[in-house]
Amino acid sequence: MTRRSGRVVDEALSAGAVARRLGVAVTTLRTWHQRYGLGPSEHVPGHHRRYTPTDLARLEIMRRLTAEGVSPAEAARWARQAPDPTPNGTVAPTRIHPTGRDGGGTIPVGRAGPAARGLARAAMRLDAAAISETIGHALAASGVVATWEGLLRPVLAGIGERHAATAGLIDVEHLVSRCVSEALAAASRAKVPTGPARILLSCADEEQHTLPLEALAAALAEAGVSYRMLGARVPVAALVEAVNRTGPAAVVLWSHTRATADPVQLSALLAAPRRPLLVLAAGPGWRADTLPAGVVRPVDLAEAVSLSAAVRDSLDQSRRD
């Protein structure tokens, strides 16, 4: 440790050490320094400049964004806007610009097509009308699953990436989420399935990310599969009570983060008096090696729809026989 300007900071790193940490070549670091100003800022007379923790944090953002297909110039702009680490290792809050755009820039959408890039630009402008129009057109032309996978998920993931890098874009995330939720609800209402609701949709206890579950609901409606939606933050006791009351053929339990993916919730469903034929653990929160025997983890939205429809058909057929 060394002391600078009355505070303690971590030992600064050489270019070679930073290159090893980031998994890039030293020549790449030099290019980023010369072209984009992301160079070492620690200077001791008579010695080579060294990279500080702040320099390293910005370079990590640069590496991550360029790996996702963001142009180096754009990635460098976002990296330079990143908040400085505070002395205790946390990150200082980012100052949000009055425009609500967190300094401008773009939302990365990876290899998604022109529609996703257009939606990302509309999101940065906070243009709710353009956002809704783009989503509605995609749903009408391509259907729910293709719209979710090719348009909505890339943009939502890009917003999340920008927020992680800058602590900003909260306004963008809220507006886009509302527009997506409204569009999916409209798609669900447009094709109301007939017959009893065989599929029960629920978020795990304390899980508040509902958009993927809303996309599944809209996709099920599009496929003619009736469902019940319980929504966010459903305690396990309430979920089991709903299962026992309605007797669904399948239950989809969504978890977005590891913090909400408690396998005890799945075990409780399997032990319910009116145990469903199929329990689906959906979402990135679940780990395959922690799932109880008999629980299925769908790989994507299309598989969740396919499995739900299959188990609905199986139950209906068994009741006719």
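Helix α4 (residues 72-81) holds a run of buried residues, namely Glu74, Ala75, Ala76, Trp78 and Ala79; here buried means under 20% relative accessible area, exposed means over 50%, and partly exposed lies in between, with a 1.4 Å probe and protein chains only. The cover over these buried residues of α4 includes α2 (26-36), α3 (53-67) and α7. Helices are DSSP runs of H or I with at least four residues, strands are runs of E with at least two, and both are numbered from the N terminus. The model is predicted, so local features need pLDDT of at least 70 and side-chain atom pairs count only at pLDDT 80 or more, while totals for chains, interfaces and linings use all residues. Residues are numbered from 1 along each chain as its sequence is written, and side-chain values use heavy atoms, with hydrogens and water left out.

Within α4, the side chains of Glu74 and Arg77 form a salt bridge, with 3.4 Å from N to O. A salt bridge is defined as a side-chain nitrogen of Lys or Arg within 4 Å of a carboxyl oxygen of Asp or Glu. The two residues are 3 residues apart in helix α4, which means that about one helical turn separates Glu74 and Arg77. As a general point, an α-helix has 3.6 residues a turn, so residues three or four places apart point the same way. The partners are not equally covered: Glu74 has 10% relative accessibility and counts as buried, whereas Arg77, at a relative accessible area of 37%, is partly exposed.

Glu74 also appears in the surroundings of Arg162, a residue of helix α7 (residues 144-166). What is the nearest side chain of opposite charge to the buried Arg162? That side chain is Glu74, 4.9 Å away, and Arg162 has no salt bridge. For charge, Lys and Arg count as positive and Asp and Glu as negative, while His and the chain ends are not counted. Beyond its neighbours within four places in sequence, Arg162 is in contact (heavy atoms within 4.5 Å) with Leu65, Val70, Glu74, Trp78, Thr106, Pro108, Ala167 and Leu169. Glu74 and Trp78 in this list are also among the buried residues of α4.

Turning to the chain as a whole, there are 12 helices and 7 strands. Of its 321 residues, 45% count as buried. Among contacts with a separation of 6 or more, 67% join residues 24 or more positions apart.

Two helix pairs show how elements are arranged. The axes of helix α5 (residues 114-124) and α6 come within 8 Å and cross at roughly 160°; axes are lines fitted to C-alpha atoms, for helices over the stretch in contact, and angles run from 0 to 180 degrees between N-to-C directions. The pair α5 and α6 is therefore roughly antiparallel, where angles over 145 degrees count as roughly antiparallel, under 35 as roughly parallel, 65 to 115 as roughly perpendicular and the rest as oblique. The crossing of α5 and α6 is left-handed, a term for a near helix turned anticlockwise from the far one by less than a right angle, with clockwise giving right-handed. Ala115, Leu119, Ala122 and Ala123 of α5 make the contact with Ala130, Ile131, Thr134 and Ile135 of α6.

Ile135 belongs to helix α6 (residues 128-142) and, at 0% relative accessibility, counts as buried. Leaving out residues up to four places away in sequence, Ile135 touches Leu119, Leu151, Leu152, Cys179, Val180 and Ala183. Between Ile135 and Ala116 there are 9.6 Å from C-alpha to C-alpha, with the two 19 residues apart in sequence.

In the second pair, helix α10 (residues 236-246) and helix α11 (residues 263-270) have axes that come within 10 Å and cross at roughly 25°. The helices α10 and α11 are therefore roughly parallel, and their crossing is right-handed. Val236, Leu239, Val240 and Val243 of α10 meet Gln265, Ala268 and Leu269 of α11.

The salt bridges number 7. One of them joins Arg233 and Glu206, with the closest N and O atoms 2.8 Å apart. Arg233 lies in the loop between β4 (227-231) and α10, and Glu206 in the loop between β3 (199-203) and α9 (211-222), so the pair ties together parts that are 27 residues apart in sequence. Arg233 is partly exposed at 42% relative accessibility, and Glu206 is partly exposed with a relative accessible area of 44%. Another salt bridge links Arg287 with Asp289, the closest N and O atoms being 2.8 Å apart. Here Arg287 is partly exposed at 37% relative accessibility, while Asp289, at 59%, counts as exposed.
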